[in-house]
Amino acid sequence: MTINRRGFVAATVAVAGSLTVTGRYAQAAEFVVKFGNDVPATHPLNLRLAEVAPKILEESGGRLELRVFPNNQLGGDTDMLSQLRSGSLEMMSLSGNILSTLTKPTSLFGVGFAFASYKQVWSALDGEMGAYLRGVIAKAGMHALDRMWDNGFRQMTSGTHPITGPDDLKGFKMRVPVSPQWVSLFKALGAAPTSINFSEAYSALQTKIVDGQENALPLIDLAKLYEVQKYCSFTNHMWDGFFTLVNGKVWAKLPPALQEILARHINAAAVREREDLVKLSQTVEDKLRKHGMVFNTTDAAAFRAQLSRSGYYKQWKENYGPEAWALLEKYSGPLG
Ligand code: X2X
């Protein structure tokens, strides 16, 4: 095998972090689509995107090139979302909870302790609830692909003391993503939440601007949050997932054949990523223990009782309205 100049350049770019695909297509692609996201390059979302990018280029006959920018390289979620809206960024993956700063109902799946299993999650998001939320996103001028990526069931971590129940959260400075749903959830639990983009979360924990954060175990590991956190409490307080968003005008300009290729490959990648995350979850706890993290379990009923007492469920039921709330309870069972 000879390594030609182009091959060398491609390898250098990949090492630099943007998972650019070149290859035997000498000319620039007709459509170059940048895809930004907030998780490390080692996260299954990025590994699966890196796998389908060359397939998209190949199947489109070199017309459509997907360039992936992992790990907040293009800015934090808030920045990327403005770029996506203005059209300077073509695609991104984003938690529906964060997107809800623009499209309120897309945080519906983030209601605290709504989902208890992946079976509930995927029947809701691949079913009627997902279709409803994608409709809301379309009205806001963005196109959401059909299959969401898994970001996992979230657990709380702390640098000061283990969270064993709501009492341990009193006044606790919790980093949460930029989203009214998250702020409301942790306020209702008695904590002092601060909205910080994930791009700044590690340093906020390191400099002790906040005491803790909450995320799924695979991301706690891949983003090395164990370096700046000691305790991990199994709370499963929220499931979170990413929509794949395309700027509405960019989507409309893509010829239908290219839309189909892009959507099919990325939807398939998302479904594989869900399986990857489940597999990772089976081994990651041991790994984090080896890094010195200390684990404890908690009782969901105690947290839920606190949320009911504080009027959290009642408030969100009114906020989302009866139609959306009924759609949530159809999958989660009665809440409140
Ligand atoms: O910001 C987070 O914590 C993250 C990466 O999980 C989300 O995108 C919601």
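Welcome to this structure: a good place to start is strand S11, where 9 of the 9 residues are buried, so the strand is largely enclosed by the rest of the structure. Keep in mind that this is a predicted model. The protein averages a pLDDT of 94, and 92% of the residues score at least 70.

**Strand S11 and its partners**

- Both faces of S11 are covered. On one side sit Trp 239, Gly 241, Phe 243, Leu 245 and Asn 247, and on the other Asp 240, Phe 242, Thr 244 and Val 246, all of them buried.
- Strand S3 (residues 91-95) runs antiparallel to S11 and is joined to it by 5 bridges; here Ser 93 has Thr 244 as its bridge partner.
- Strand S4 (residues 142-144) is also antiparallel to S11, with 3 bridges, and Ala 144 stands opposite Leu 245.
- Strand S5 (residues 149-153) pairs with S11 in the antiparallel sense over 4 bridges, with Gly 241 as the bridge partner of Asp 150.

**Nonpolar cores**

- The largest nonpolar core has 54 residues, of which Phe 115, Leu 125, Met 129 and Leu 245 touch the most other members.
- Domain 1 (5-100 + 142-150 + 240-283) and domain 2 (153-238 + 287-332) both contribute residues to this core, so the core lies between them.
- Another core, of 45 residues, lies apart from that one and includes Val 39, Leu 219, Trp 251 and Met 293.
- Which residues does Leu 125 contact, leaving aside its neighbours within four places in sequence? They are Phe 109, Phe 115, Gly 130, Leu 133, Arg 134, Met 148 and Trp 239.

**The six-stranded sheet**

- An open sheet of 6 strands follows the order S8-S7-S9-S6-S10-S12, and its pairing is mixed.
- Strand S8 (192-195) and strand S12 (294-297) are the edge strands, each pairing on one side only.
- From one strand to the next, the twist averages 30°.
- Within this sheet, strand S6 (residues 155-158) and strand S9 (residues 212-215) pair in the antiparallel sense over 4 bridges, and Gln 155 stands opposite Asn 215 in S9.

**Where to trust the coordinates**

- Among the elements of the protein, strand S11 (residues 239-247) has the highest mean pLDDT, 99, and helix H1 (residues 5-16) the lowest, 38.
- Over residues 1-19 the pLDDT stays under 50, and the model has 20 contacts beyond four places in sequence for this stretch.
- Where pLDDT is low, the predicted coordinates should not be read in detail.

Terms used. Residues are numbered from 1 along each chain as its sequence is written. This is a predicted model: local features need pLDDT of at least 70, side-chain atom pairs count only at pLDDT 80 or more; totals for chains, interfaces and linings use all residues. Side-chain values use heavy atoms; hydrogens and water are left out. pLDDT is the predictor's confidence in each residue, from 0 to 100. Helices (H or I, at least four residues) and strands (E, at least two) are DSSP runs, numbered from the N terminus. Contact means heavy atoms within 4.5 Å. Two strands pair if DSSP finds at least two bridges between them. Axes are lines fitted to C-alpha atoms, for helices over the stretch in contact, and angles run from 0 to 180 degrees between N-to-C directions. A nonpolar core is a set of buried Ala, Val, Leu, Ile, Met, Phe, Trp, Tyr and Cys residues joined through side-chain atoms within 4.5 Å. Buried means under 20% relative accessible area, exposed over 50%, partly exposed in between (1.4 Å probe, protein chains only). Domain bounds come from an automatic or database domain assignment.
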